[in-house]
Amino acid sequence: MTETNKPDAHGAPIALSVRDLTKHYADAAHNVFDGISFDVPKGKVLVVVGPSGSGKSTLLRTIAGLEPIQGGTIALNGDVIETGQPGNENSGRVKRGEDLRTKFGMVFQSYDLFPNKDVLGNITMAPMLVQKRKKEEVEREALELLDRVHLADRAHAKPHELSGGQRQRVAICRALILHPEILLLDEITAALDPEMVHEVLEVVVELADAGQTMLIVTHEMSFARAIADRVILLSDGGIAERSDDPETFFTHPKTARAQEFLHSFDFVRHRNAQAERELKAFDDE
Amino acid sequence: MQGANILLEPGVFPRLLQGLWVTVWIAAVSVLLSVPVGLVCGWLMTLRNPVVRVIMRVYLDFIRIMPQLALLFIAYYGIARAWNWNLDATGACVLVFILWGGAELGDLTRGALQSIPEVQHETAYMLGLSNWQAFIHVILPQAVRRLLPGSVNLATRIVKTTSLAVLLGVVEVIKVGQQIIDANRFQYPTGTLWVYGVIFLMYFIVCWPLSLVAHALEKRWAND
């Protein structure tokens, strides 16, 4: 994907809207993040980057409803679905209806396939149990999705028989079959061997091209650069830099914090030509 | 070798088998009823409610600290008599073994439930599953697999511990053996070794398939 064929971000309706989001852990001295705001337009990809411990994953988890927020609002398609309550640090996962939960598709770093089910069982369980869809229809769609991620022949494999990259692709299918409004990807390649990273990211790039709204947390800068419509750099509890023009963000960051952050990756990249090749591969697609 | 002939006396084998049946019956009923008790106890032990926690803790510790024999005496001579409860010796045995098995299986269940990674719960939540659906379709099947080795071990311990029922006057396989030995003491002075040898084999035959099944399932589920 090149910069020119990216649709204009400004015209699209907003899928996810986060305002003044504040997250605090009980007994912690500081907020994980404090009053951050951003939008994810429909069909666009927002990539969140930042150093370890900057709260990237926590941000994703609060939007997913896995952790309560202490301030601000989260809105989906214009409807506020959650408002922060101070003092609810220990209240556990947010009580959201089944229908609302299926609107957020999430893929975790690892170990999230159900080991007691085969690939097809993993993918078809929620549509059948939660959305009460017919088995034949769900299985047909599951096989189509598996075909898209080149795993049609592994439908009856157990998770332990798959490589890490294959597991993550199955996890993506499992999230997609519920037709989520937005896909949340939480460092989905962080636990993978380097040679498997590309096969997973390739799938994500195809999804982006197909217009899937996504919020992605990643350490893979070349991937972020290739896929992002918008970027935010999270640092010290806030957004250090945001950009609607990722190419400029990655090549000519405005703030000192972003320059410092990206420089650390440049260092790695210069030593490792692999990353450059990957970037080229994404650009070619 | 002469003592071995005691086994050929008419009625010896059928009586031993009858005794074995009593043993197997007490053990089987206890184990089967321990399973629901244990699963519920295990679930209760994972709750955060402080009152439930304390009750379960006291229950588990009480059962663990008391020798099974003391529990049997309390149940049979103590409670049943004190409250004029018409509980026969076999019933007292089954009751104690259910309480014991339930507590131990409960602790195993608690461990198995807590060993399931949090991300499995989170994934079920994200997929829209209700708590109950997540428990039945995701958490329990995985917990059962992890539960198996310990619970088979527990089942064999229950089978073996049924021998304490002798002391309440239950005529199970050990008691039958004693009766046979006593009745033939003058004719077969060395018969003791043979009778108990056969009883040993009987226990082995009951327990061995359990560990075979467990081993096979463990292998099948090794990577699940």
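UniProt positions are given in the numbering used here, and its annotations may be inferred rather than shown by experiment. Keep in mind, too, that this is a predicted model.

**Figure 1. Here are the stretches of chain B that UniProt lists under "transmembrane region".** The entry is unreviewed, and it gives residues 20–46, 58–79 and 193–217. Take residues 20–46 to begin with: 96% of the span is helix and 0% is strand, with 38 Å between its end C-alpha atoms. Now look at residues 58–79, where helix makes up 91% and strand again 0%. For that span, the end C-alpha atoms sit 19 Å apart.

**Figure 2. Chain B is built from 8 helices and 0 strands.** Reading from the N terminus, you get α-α-α-α-α-α-α-α. How far does the C-alpha trace of chain B span along its principal axes? It covers about 75 × 45 × 25 Å. The radius of gyration of chain B is 22 Å, whereas a compact globule of 224 residues would come out near 17 Å. As for packing, 35% of the 224 residues in chain B are buried. If you take the contacts in chain B with a separation of 6 or more, 80% of them join residues 24 or more positions apart.

**Figure 3. This close-up picks out helix H7 of chain B, residues 173–183, and its buried residues.** Which residues of this helix are buried? They are B:Val173, B:Ile174, B:Val176, B:Gly177 and B:Ile180. These buried residues sit on the same side of H7(B), because they cover an arc of only 160° around the axis. Their packing partners are two other helices of chain B, H1 (12–45) and H8 (191–220).

**Figure 4. Chain A carries a feature that UniProt calls "domain: ABC transporter".** That label comes from an unreviewed entry and runs over residues 16–261 of chain A. Within that span, helix accounts for 35% and strand for 24%, and the end C-alpha atoms are 26 Å apart. Chain A as a whole has 10 helices and 10 strands. Of its 285 residues, 43% count as buried. Among the contacts in chain A with a separation of 6 or more, 67% are between residues 24 or more positions apart.

**Figure 5. Here we zoom in on the largest nonpolar core, which has 83 residues.** The members that touch the most others are A:Val47, A:Cys173, A:Leu184 and A:Leu215. Helix H6 of chain A (residues 194–209) chips in the largest share of this core, 7 residues. Another core, of 46 residues, lies apart from it, and B:Met45, B:Ala75, B:Ile98 and B:Leu164 are among its members. Back in chain A, what does A:Cys173 touch, leaving aside residues up to four places away in sequence? Its contacts are A:Ile123, A:Ala142, A:Leu145, A:Leu146 and A:Val149.

**Figure 6. The last view shows where chain A and chain B meet, with 21 residues from chain A and 18 residues from chain B in the contact.** On the chain A side, helix H2 (98–101), strand E6 (104–107) and helix H3 (119–129) each supply at least two residues. Which element of chain A gives the most to the side that touches chain B? That would be H3(A), with 3 residues. Sorted by class, the side of chain A that touches chain B has 13 nonpolar, 3 polar and 5 charged residues.

Terms used
Residues are numbered from 1 along each chain as its sequence is written. Chains are lettered from A and ligands numbered from 1 in the order in which they are written. This is a predicted model: local features need pLDDT of at least 70, side-chain atom pairs count only at pLDDT 80 or more; totals for chains, interfaces and linings use all residues. Helices (H or I, at least four residues) and strands (E, at least two) are DSSP runs, numbered from the N terminus. A nonpolar core is a set of buried Ala, Val, Leu, Ile, Met, Phe, Trp, Tyr and Cys residues joined through C-beta atoms within 7 Å. A residue is buried if 20 or more other C-beta atoms lie within 10 Å of its own, exposed if 12 or fewer, and partly exposed in between; C-beta atoms are placed from the backbone. Two residues are in contact if their C-beta atoms, placed from the backbone, lie within 7 Å. Ala, Val, Leu, Ile, Met, Phe, Trp, Tyr, Cys and Pro count as nonpolar, Asp, Glu, Lys and Arg as charged, and the others, Gly among them, as polar. The radius of gyration is taken over C-alpha atoms; the globule rule is 2.2 Å times the number of residues to the power 0.38. The arc is that of the directions from the helix axis to the C-beta atoms.
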